[in-house]
Each structure stands twice: as C-alpha cells, then as structure tokens.
Amino acid sequence: PAPEPPAKKVIVTAGADVPSLYMFRGIRQEYDPQFTIQPFLDIGVTVSDTATVNFGSWNSFHSGSNKDLGSRGMHAWYESDIYGIATFTAGKTKPGVQWTSYTSPDSDYKTVNELAFFVGFDDSKNAVPVSPKVLVGFETTDGQADAGANKGVYLELSAKPSHKLGTSPVTLNIPLKLGMSLKDYYENRDPVTGLLTGTDSKFGYFDIGANISVPVGIG
C-alpha cells in the first residue's frame with residue numbers, strides 16, 4: 001500500500017455564519033435583528049504528535065438596532081473575539097485550555113475575558129460516535145457575559161452523535177449542548193425594573209440541531 005501522506009502542520013479555516021438571531025450561550029444579543037453576519041478565521045498548528053494550538057478571531061456584524069448603540073463610530077461591528085486554544089491527546093481523552101477575549105469594537109458592552117478548561121473523548125471508532133465534551137469557563141474581568149455584578153463560572157456539556165447513512169458519503173450529525181451556571185453566570189434581573197435580584201439561574205440553555213455533511217473533492 002502507498003504510504004499515508006504526512007499530517008498537515010498548519011490548517012487555516014475561514015468562513016461566515018448568517019444567523020436569524022444572535023444568541024450567545026442562551027443570552028440574547030440583538031433585539032431588532034435584520035441582517036447579521038459572523039465571519040471567523042482559525043489557524044491550527046500541530047506542535048507535536050500529542051499537542052495542537054489554535055488561535056483566531058470571531059466577529060459579529062449587525063445591521064439592526066444594535067448598530068446604533070455604541071460610541072466609537074464602528075456602527076455595525078458589534079463583537080470581535082480573540083482566542084487561543086491548546087489541546088493535548090492522552091489516549092482517547094483530549095484535555096485542553098482556552099483563553100478568549102470577547103470585545104466590542106463599538107463599545108456596546110464591557111470586554112469579557114474568560115479562561116476555560118475542557119476535556120473531550122475520542123470515540124470515533126465506535127459505530128455511532130458521540131464525541132462528548134465538558135468545558136468549565138471562568139470569567140476574569142469586571143465585564144461579564146450576563147452584564148451581572150459578579151464574575152461567573154460557566155459549565156458546558158456537549159456531544160455530537162454522528163451516523164454515516166449506509167454506503168453513501170453522507171454523514172448525519174445531531175449536535176447537543178447544555179449550558180449551566182456553576183456560580184453567578186446567569187444572574188437574574190427583575191422583569192419590571194431590570195435591576196439585578198441577587199439570585200442566579202443554574203440552567204442557562206439547551207441546544208439541539210441537525211446537520212448533514214458531504215465531502216467534496218477539490219483538485
């Protein structure tokens with residue numbers, strides 16, 4: 001058999017999402033959405049056989065009412081995130097650490113910095129891979145995702161069951177994600193006054209979806 005090609009040392013991924021409404025971990029980010037586009041760029045570097053490093057930028061541009069909220073004249077540029085991730089392989093487990101700075105070029109909200117630790121499990125050899133993952137994030141700045149009074153601690157449980165449809169190249173994925181507060185991540189506000197109540201909701205959100213992927217050969 002022909003030898004396998006060497007693994008790529010650097011992988012660059014770019015794209016853009018167009019959501020109908022931007023929600024971040026169950027927290028609504030726009031109240032009069034029109035056209036929203038979220039371009040991103042990720043650079044992955046293979047450091048060794050057991051370690052990879054990713055860094056990149058994720059952005060959100062709004063044409064709805066949020067574009068008029070800021071004070072820096074950036075208008076539609078609501079959010080720009082910068083992140084760095086280090087992932088390690090230890091058998092079938094993949095622990096890692098991630099630092100993210102959630103910034104607003106138009107100063108729509110205070111910058112939120114978060115240090116997160118995660119671990120995933122590689123079960124790709126199973127008949128129906130589930131790809132479970134656990135993430136715990138710690139807010140490290142005075143700005144918080146919920147615009148609360150205290151730094152929050154966030155818990156995320158996720159999985160993505162996958163199934164190849166017969167002998168075809170089509171794969172069906174069912175992404176699942178549960179977000180919860182371990183401490184002050186979803187601080188409640190009074191529905192009438194809008195003031196913080198001093199209580200914390202443990203349940204944040206639950207996401208379920210479906211996507212179909214088909215590999216496309218180029219060159």
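In the predicted model, strand β1 (residues 10-17) is joined to β4 by 8 bridges, and the two strands run antiparallel. Within this pairing, A16 of the chain stands opposite P39 in β4. Strand β4 also pairs with strand β5 (residues 51-62), again in the antiparallel sense, through 10 bridges. One position along this second ladder is marked by D42, whose bridge partner in β5 is G56. The connection between β4 and β5 consists of 2 residues, and the two strands form a hairpin. Strand β4 is thus described by two antiparallel pairings, with β1 and with β5.

Strand β4, which spans residues 36-48, also contributes to the largest pocket of the model, where 6 of its residues give the most to the lining. This pocket holds about 1600 Å³ of space. Its lining comprises 41 residues, and those that lie nearest the centre are W58, Q98, K133, E156 and K177. By class, the residues of this lining divide into 18 nonpolar, 12 charged and 11 polar.

The second largest pocket encloses about 580 Å³ of space. A total of 27 residues line this pocket, with I27, Q29, A145, D146 and A147 lying nearest its centre. Strands β3 (27-28), β6 and β14 (187-189) each supply at least two residues of the lining, and the largest share, 3 residues, comes from β14. The lining of the second largest pocket is made up of 12 nonpolar, 8 charged and 7 polar residues.

In soluble globular proteins, nonpolar side chains tend to be buried together. In the present model, the largest nonpolar core has 17 residues. The residues with the most contacts inside this core are Y22, F24, L135, A145, Y154, Y185 and Y186. Strands β6 (77-88) and β8 (112-121) each supply at least two residues of the core. Two elements of this core recur in the description of the second largest pocket. Residue A145, listed among the core residues with the most contacts, is also one of the residues nearest the centre of that pocket. Likewise, strand β6 supplies at least two residues to the core and at least two to the lining of the second largest pocket.

Note on methods: Residues are numbered from 1 along each chain as its sequence is written. This is a predicted model: local features need pLDDT of at least 70, side-chain atom pairs count only at pLDDT 80 or more; totals for chains, interfaces and linings use all residues. Side-chain values use heavy atoms; hydrogens and water are left out. A nonpolar core is a set of buried Ala, Val, Leu, Ile, Met, Phe, Trp, Tyr and Cys residues joined through side-chain atoms within 4.5 Å. Buried means under 20% relative accessible area, exposed over 50%, partly exposed in between (1.4 Å probe, protein chains only). Helices (H or I, at least four residues) and strands (E, at least two) are DSSP runs, numbered from the N terminus. On a 1 Å grid over the protein atoms alone, a cavity is a set of points where a 1.4 Å probe fits but cannot get out, and a pocket is an open set with protein on both sides within 12 Å along at least five of seven lines; lining residues have an atom within 4 Å of a point. Grid points are joined across faces, edges and corners, and a volume is the space filled by probe spheres set on the points. Ala, Val, Leu, Ile, Met, Phe, Trp, Tyr, Cys and Pro count as nonpolar, Asp, Glu, Lys and Arg as charged, and the others, Gly among them, as polar. Two strands pair if DSSP finds at least two bridges between them.
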